Amino acid sequence: MAPITGTTHEVRMLGDAQGYRFDPVNITVKQGDGIKWIMVSGGPHNVAFDAATIPADVKPQLDANMGTDKMGELSSSMKMNPNETITVSFANIKPGKYPYNCVPHIAMNMKGVVTVQ
Ligand SMILES: [Cu+2]
């Protein structure tokens with residue numbers, strides 16, 4: 001895992017009367033920053049990068065940067081309780097757009113995009 005050297009941004013994971021969603025849906029970070037996803041409501045939620053869209057030369061580093069709390073490649077464990085978090089480092093991740101989703105709620109369009117500058 002390449003450690004976070006910059007800012008750690010926050011994205012909330014929500015499920016309520018307004019639907020299932022990441023807030024913000026789109027987030028732009030600098031290489032070396034991190035993102036902390038926070039479980040707020042309506043879990044279980046997780047963070048799963050779309051393996052089909054992640055370049056082959058990014059996949060191993062991004063997977064490593066998700067740490068060991070995972071249920072599969074590029075897919076974090078489920079978070080059920082408020083204030084549980086998932087932190088991912090974007091150190092050594094080349095600039096690009098990295099789509100992700102919440103596995104339990106992908107059919108309800110719980111999707112987001114991380115842009116690395
Ligand atoms: Cu979800």
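# Reasoning from values to terms in a predicted model

In strand β3 the side chains alternate: Ile27 and Val29 are buried and point to one face, while Asn26 and Thr28 point to the other and are not buried. The model is a predicted one.

Q: What makes β3 and β10 paired strands?
A: Two strands pair if there are at least two bridges between them. Four bridges join β3 to β10, residues 111–116, and the two run parallel. Isoleucine 27 has valine 114 as its bridge partner in β10.

Q: Why are β2 and β8 called edge strands?
A: The open sheet has four strands in the order β2-β1-β4-β8, with mixed pairing. Each of β2 and β8 pairs on one side only. Neighbouring strands of this sheet are turned by 15° against each other on average, direction ignored.

Q: How do you know that β4 and β8 pair?
A: The requirement is at least two bridges, and β4 and β8 have five, in the antiparallel sense. Isoleucine 38 stands opposite threonine 85 in β8.

Q: Why is the contact of arginine 12 with aspartate 23 called a salt bridge?
A: A salt bridge needs a side-chain nitrogen of Lys or Arg within 4 Å of a carboxyl oxygen of Asp or Glu. The closest N and O atoms of arginine 12 and aspartate 23 are 3.3 Å apart, so the pair meets the rule. It links distant parts of the chain, with arginine 12 in strand β1 (residues 8–16) and aspartate 23 in strand β2, eleven residues apart. By this rule the count of salt bridges comes to six.

Q: Which exposure class do arginine 12 and aspartate 23 belong to?
A: The class between under 20% and over 50% is partly exposed. Arginine 12, at 38%, is therefore partly exposed, and so is aspartate 23, at 33%.

Q: What makes aspartate 63 buried or exposed?
A: Buried means under 20% relative accessible area. Aspartate 63 has 17%, so it counts as buried. Its side chain meets that of lysine 70 in a salt bridge, 3.3 Å from N to O. Lysine 70, at 26%, counts as partly exposed.

Q: Why does aspartate 33 have no salt bridge?
A: The nearest side chain of opposite charge, lysine 30, is 5.9 Å away, and the limit is 4 Å, so the rule is not met. Aspartate 33 is buried and is placed in the loop between β3 (26–29) and β4 (34–39). A polar atom of the aspartate 33 side chain lies 3.0 Å from the backbone nitrogen of threonine 7. Not counting residues up to four places away in sequence, aspartate 33 touches several others, including Ile4, His9 and Phe90.

Q: What makes the phi of leucine 74 and of asparagine 92 noteworthy?
A: Most residues other than glycine have a negative phi. Leucine 74 has a positive value near 65°, and asparagine 92 has one of about 60°. Leucine 74 lies in the loop between β6 (70–72) and β7 (75–76), and asparagine 92 in the loop between β8 (85–89) and β9 (96–101). Leucine 74 is buried at 0% relative accessibility, whereas asparagine 92 is exposed at 55%.

Q: Which omega goes with the cis peptide bond of aspartate 23 and proline 24, and which with that from glycine 43 to proline 44?
A: Omega is about 0° for the bond joining aspartate 23 and proline 24. For the bond from glycine 43 to proline 44, omega is near 5°. Most peptide bonds are trans. Proline 24 is placed in the loop between β2 (19–23) and β3, and proline 44 in the loop between β4 and β5 (48–49).

Notes:
Residues are numbered from 1 along each chain as its sequence is written. This is a predicted model: local features need pLDDT of at least 70, side-chain atom pairs count only at pLDDT 80 or more; totals for chains, interfaces and linings use all residues. Side-chain values use heavy atoms; hydrogens and water are left out. Buried means under 20% relative accessible area, exposed over 50%, partly exposed in between (1.4 Å probe, protein chains only). Lys and Arg count as positive and Asp and Glu as negative; His and the chain ends are not counted. A polar contact is a pair of N or O atoms within 3.5 Å; within protein, one must be able to donate a hydrogen and the other to accept it, and residues adjacent in sequence count only if both atoms are side-chain atoms. Contact means heavy atoms within 4.5 Å. Axes are lines fitted to C-alpha atoms, for helices over the stretch in contact, and angles run from 0 to 180 degrees between N-to-C directions.
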